[in-house]
Amino acid sequence: MTSQSQGIHQLLQAEKRAKDKLEEAKKKTGTASGKGKRLKQAKEEAMVEIDQYRMQRDKEFRLKQSKIMGSQNNLSDKIEEQTLGKIQELNGHYNKYMESVMNQLLSMVCDMKPEIHVNYRATN
């Protein structure tokens with residue numbers, strides 16, 4: 001009987017050691033999966049922070065871009081306005097002086113007064 005009780009006792013001890021090893025393995029995998037979960041969580045938090053930073057920088061970039069492009073649009077509008085003003089001014093001068101210039105030109109062409117040029121020398 002003692003050999004049977006010894007065998008039972010060894011069997012119980014082996015079961016207990018196996019049970020302890022299983023619990024220990026569960027704890028290790030539990031903390032390992034906990035570390036994995038924490039790493040995933042940290043990665044997600046970092047991605048959220050990166051996205052927020054990216055959106056902030058993109059917003060700042062768009063503001064600067066709109067200021068620069070807005071000022072360029074204002075400059076082009078001013079230049080366009082000045083050009084149109086100058087064209088209107090030139091058209092006004094053209095209409096105002098066209099008739100007198102045409103009269104002067106026609107009088108020079110039609111009213112010829114033949115004269116001998118001052119540098120002309122008679123050769124005899």
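Start by selecting Asp 58, which is partly exposed with a relative accessible area of 33%, on a scale where buried means under 20%, exposed over 50% and partly exposed in between, using a 1.4 Å probe and protein chains only. The model is predicted, so local features need pLDDT of at least 70 and side-chain atom pairs count only at pLDDT 80 or more, while totals for chains, interfaces and linings use all residues. Residues are numbered from 1 along each chain as its sequence is written, and side-chain values use heavy atoms, leaving out hydrogens and water.

Keep Asp 58 selected and add Arg 62, since the side chains of these two residues meet in a salt bridge at 3.2 Å, N to O; a salt bridge here is a side-chain nitrogen of Lys or Arg within 4 Å of a carboxyl oxygen of Asp or Glu. Both residues lie in helix α1, 4 residues apart, about one turn of the helix, where helices are DSSP runs of H or I with at least four residues and strands are runs of E with at least two, numbered from the N terminus. Arg 62 counts as exposed, at 52% relative accessibility.

Which side chain meets Glu 60 in a salt bridge? Selecting Arg 57 shows the partner, with 3.1 Å from N to O, and the two residues are 3 residues apart in helix α1, about one turn. Glu 60 counts as partly exposed at 30% relative accessibility, and Arg 57 is likewise partly exposed, at 46%.

Next, select Asp 51 and Arg 54, whose closest N and O atoms are 3.5 Å apart in a salt bridge. Because they are 3 residues apart in helix α1, which covers residues 2-110, they are separated by about one helical turn. Asp 51 is partly exposed, at 37% relative accessibility, whereas Arg 54 is exposed, with a relative accessible area of 53%. By the rule given above, the count comes to 3 salt bridges. Side chains of opposite charge can pair when their charged atoms come close.

Now move along helix α1 to Tyr 94, which counts as exposed at 51% relative accessibility. Add Met 98, Met 102, Leu 105, Met 108 and Val 109, and the selection with Tyr 94 is a nonpolar patch on the surface, with about 650 Å² of accessible area together. Patches are made of residues with over 30% relative accessible area and no salt bridge, like charges being joined within 9 Å and nonpolar side chains (Val, Leu, Ile, Met, Phe, Trp, Tyr) within 5 Å. Accessible areas come from the Shrake-Rupley method with a 1.4 Å probe, and for residues only the protein chains shown count as cover.

For a distance along the chain, select Glu 23, which lies in helix α1 and is partly exposed at 42% relative accessibility. The C-alpha atoms of Glu 23 and Gln 65, 42 residues apart along the chain, are separated by 62 Å.

Finally, zoom out to the whole chain, which has 1 helix and 0 strands. Its C-alpha trace spans about 170 × 40 × 15 Å along its principal axes. The radius of gyration is 51 Å, whereas a compact globule of 124 residues would have one near 14 Å; this radius is taken over C-alpha atoms, and the globule rule is 2.2 Å times the number of residues to the power 0.38. Of the 124 residues, 0% count as buried, and the accessible surface comes to about 12800 Å², of which 58% belongs to carbon and sulfur atoms.
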